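Here is a short briefing on one structure. Take a look at it before reading on.

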Amino acid sequence: MILFHGSLQIVKEPRILIPGRTLDYGAGFYTTTSEQQARDWVVRKLDVNHKIGYINIYVFDKPSAKGLDCLIFANPPGEDWVDFVHANRTQRGFIHNHDLVYGPVANDRVYAAFALYEQGLLSKQELITELRTYSLVDQMLFHTDAALKCLKFNGVKEVSL
């Protein structure tokens, strides 16, 4: 399986990073099967100080992931995904024990719907119904060093404005 990671740097050796903000699946190294999603992320980060970014390309060796704790969410997302993303976004100090987490990306439209849910303006079921109308790309979080061992750097593509 080919995976992509958008960055302002070439990342030959991925590491588990503790983010300065809340993310869908928690701390770790995020990838996607969508080259366009990785490119879009890079383009959003480009500015006068960062004129070049990179789509890092990896090969995920599925057989080497055997025995790892993998959490896989359906697309479109359901109640379990909503609960997991909500916990990661709102519960200070929330930590899960999964090595890998795979499922839909909560993009800007999803964040807007999630905000309505968090404010009590949408029920969980209304949020799920809304999410089912979106076409969401995927993301795979490598949450542990054991998971990162399944990922091999395979090249890079330069992105600029």
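Asp99 is buried (under 20% relative accessible area, with exposed over 50% and partly exposed in between, for a 1.4 Å probe and protein chains only). Asp99 has no salt bridge (a side-chain nitrogen of Lys or Arg within 4 Å of a carboxyl oxygen of Asp or Glu). The nearest side chain of opposite charge, Lys149, is 10 Å away; Lys and Arg count as positive, Asp and Glu as negative, and His and the chain ends are not counted.

This is a predicted model: local features need pLDDT of at least 70, side-chain atom pairs count only at pLDDT 80 or more, and totals for chains, interfaces and linings use all residues. Residues are numbered from 1 along each chain as its sequence is written, and side-chain values use heavy atoms, leaving out hydrogens and water.

**Around Asp99**
- A polar atom of the Asp99 side chain lies 2.7 Å from the backbone nitrogen of Asp69.
- Beyond neighbours within four places in sequence, Asp99 has contacts (heavy atoms within 4.5 Å) that include Leu68, Leu141, Phe142 and His143.

**Nonpolar cores**
- The largest nonpolar core (buried Ala, Val, Leu, Ile, Met, Phe, Trp, Tyr and Cys residues joined through side-chain atoms within 4.5 Å) has 20 residues.
- Tyr25, Trp81 and Phe114 are among the members touching the most others.
- Another core, of 14 residues, lies apart from it and includes Leu3 and Phe29.

**Cysteines**
- The structure has zero disulfides (pairs of cysteine sulfur atoms within 2.5 Å).
- Cys70 is in no disulfide, because the closest cysteine sulfur, in Cys150, is 7.8 Å away, too far for a bond.
- Cys70 is partly exposed, at 36% relative accessible area, whereas Cys150 is buried, at 2%.

Note on methods
A polar contact is a pair of N or O atoms within 3.5 Å; within protein, one must be able to donate a hydrogen and the other to accept it, and residues adjacent in sequence count only if both atoms are side-chain atoms.
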